Amino acid sequence: MGGETKRGRVNRSSSQGIWIPLKEALRRRLTEQAFATWISQMVVVRDDGRELILGLPSSFSLDWVSDHYRYVIEQELASVASGITLELRLVDHEEAPTRAYSDRTLGTPGPNRAGPRVAPPSGRGGFRAAATATHRVTAPADNRPPLPSAHTPMNERYTFQTFVTGPSNELAAAAAQSVADHPGRSYNPLFVFGRVGLGKTHLIQAIGHRVRERFPDKRVQYQTTEQFVNDVVSGIRFERMDEIRGIYRSCDVLIIDDIQFISGKEASQAEFFHTFNALYDAKKQVVVTSDKLPHELRGLEERIRSRFQWGLIVDLQPPELETRMAIVKKKAETDEIPLSDEVALFIAQSIRSNVRELEGCLIRVAAYAKLTNQEINIGLAKSVLKDLLPSKGQLTCDVIVKMVANFFDVKVADLKSAKRGRMIAYPRQVAMFLCRRHTGSSYPEIGNALGGKDHTTALNAFNRISSRLDEPDVRRHVEELERRLLN
Ligand code: ADP
Ligand code: MG
């Protein structure tokens with residue numbers, strides 16, 4: 001038997017087939033019925049330690065398995081062996097031996113060889129899959145999208161080693177490490193909350209990486225809420241909820257990012273609730289992130305809210321200056337950007353509340369230096385960041401109002417008028433919100449800038465938009481406008 005790999009997987013020599021252990025893994029993973037119907041009818045065409053070719057007796061079963069079990073097979077294959085390519089093919093049922101559905105390895109098909117006739121590689125519905133290979137999956141006959149997404153890939157760089165800690169985030173980081181070291185046994189669920197760009201995704205993916213590293217047998221599923229919702233929607237639409245459930249409920253660690261986007265989506269909430277219960281009862285770990293605390297999540301069922309409160313809730317606060325500086329330096333180190341402390345400090349002082357923007361500034365400075373063939377010094381950083389970040393004094397309510405009017409395609413005069421229709425009222429609220437956030441103007445000043453409105457109107461508008469930032473549309477509008485304003 002080959003040596004253990006880093007993750008404890010086995011590199012099998014060519015004389016040892018992978019199909020038997022793989023089949024056992026699939027038997028454990030799938031329902032009895034799914035296994036009996038689909039997996040046990042496969043024949044082994046080749047299993048030589050480099051390539052595993054499995055045959056299916058009809059194009060229907062080939063399509064079905066490609067469509068429904070492709071990902072499970074791939075995943076289990078990756079967990080029992082490394083570097084083996086998987087291909088599914090159509091084999092001619094009539095020519096297959098009676099015991100075609102056995103574990104017998106049929107070897108390389110040749111013209112004079114007895115055994116199932118193997119369809120040409122271009123055969124309908126065949127696919128090849130490996131960790132790095134692209135899939136050749138034919139579109140299912142009924143145009144159903146491939147399902148489910150299995151998992152959203154994680155960013156390799158989001159590990160605990162690259163996560164800088166300081167007073168603003170050390171509790172969250174410690175909880176995350178504890179969860180990664182004892183999945184299902186320390187804090188369950190772990191609820192990580194923090195505003196956008198403060199490292200939620202980084203931290204929970206670090207959990208995923210560490211669990212995969214330390215417990216290669218455990219299945220980690222990282223998923224954005226958006227993808228989860230999509231899976232549920234297609235599951236309902238194409239009557240595949242059972243499969244989706246099977247996938248979500250068979251993992252050891254389920255990580256769902258940005259759970260606030262599940263607000264108001266009833267079917268997804270119900271599915272999440274049951275998935276949560278199934279995993280929790282089985283002592284499997286659940287981790288979620290959100291930009292709001294559970295009680296602030298509007299449109300969220302009470303029963304889910306209460307589940308979140310069973311575990312540990314930790315928050316990520318905007319990092320203090322020292323932590324921001326350490327983050328800038330670490331990022332510079334990783335990306336091999338030569339950076340003096342003076343410049344690191346300057347960048348850390350310029351951006352206070354969003355680590356993503358902090359990194360953005362560093363990248364911008366580095367890119368500018370490279371393009372103009374200059375070395376990075378404080379003068380260069382200042383001039384680059386001056387363009388990037390107008391100081392609060394430069395940005396006025398008038399500029400914001402104009403930009404908002406332009407963005408929503410309404411007239412400035414209408415925003416300043418007394419009109420109350422939604423088409424005007426909503427952009428007006430957004431304008432007031434942005435004025436407050438980015439100009440430092442008082443509410444009476446903002447009211448004035450919008451055609452002499454009362455200060456309470458400006459205040460209400462600010463609160464209203466703040467409380468709606470979890471709605472994808474509102475958030476998208478605000479983020480896009482902010483991007484334009486800050487550039
Ligand atoms: P969120 O999910 O909260 O919006 P992300 O996890 O996407 O934020 O983080 C934004 C960026 O900032 C990422 O590139 C991430 O690596 C980086 N980042 C955030 N916090 C830290 C930290 N404490 N140390 C290092 N990098 C960080
Ligand atoms: Mg995120």
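A residue counts as near a molecule when one of its heavy atoms lies within 4 Å of it. On that basis, 17 residues sit around ligand 1 in this predicted model, and Val164, Gly197, Thr201, His202 and Glu359 come nearest. Sorted by class, the shell has seven nonpolar, six polar (Gly is counted here) and four charged residues (Asp, Glu, Lys and Arg). Helix 6 (200-214) and helix 13 (355-371) each chip in with at least two residues of that shell; helices here are DSSP runs of H or I, at least four residues long, numbered from the N terminus.

Now for the polar contacts, meaning pairs of N or O atoms within 3.5 Å. An oxygen atom of ligand 1 lies 2.6 Å from a side-chain N or O atom of His202. For Thr201 the distance is 2.7 Å, and for Lys200 it is 2.9 Å. The protein covers 93% of the 550 Å² of accessible area that ligand 1 has on its own (Shrake-Rupley method, 1.4 Å probe).

Elsewhere, helix 7 runs over residues 225-237. Its 13 residues reach 18 Å from first C-alpha to last, close to the 18 Å expected (1.5 Å times one less than the number of residues). Buried residues (under 20% relative accessible area, 1.4 Å probe, protein chains only) in helix 7 include Phe228, Val232 and Gly235. An α-helix has 3.6 residues a turn, so residues three or four places apart point the same way. The buried residues of helix 7 pack against helix 8 (241-249) and helix 9 (266-281), among other elements (contact: heavy atoms within 4.5 Å). After helix 7 comes Glu239, with a positive phi near 50°.

Residues are numbered from 1 along each chain as its sequence is written, while chains are lettered from A and ligands numbered from 1 in the order in which they are written. Local features need pLDDT of at least 70 and side-chain atom pairs pLDDT 80 or more, whereas totals for chains, interfaces and linings use all residues, and side-chain values use heavy atoms, leaving out hydrogens and water.

Definitions and conventions
Polar contact = N/O pair within 3.5 Å; in protein donor to acceptor, adjacent residues only side chain to side chain. Buried < 20%, exposed > 50% of the residue type's maximum accessible area, 1.4 Å probe, protein only.
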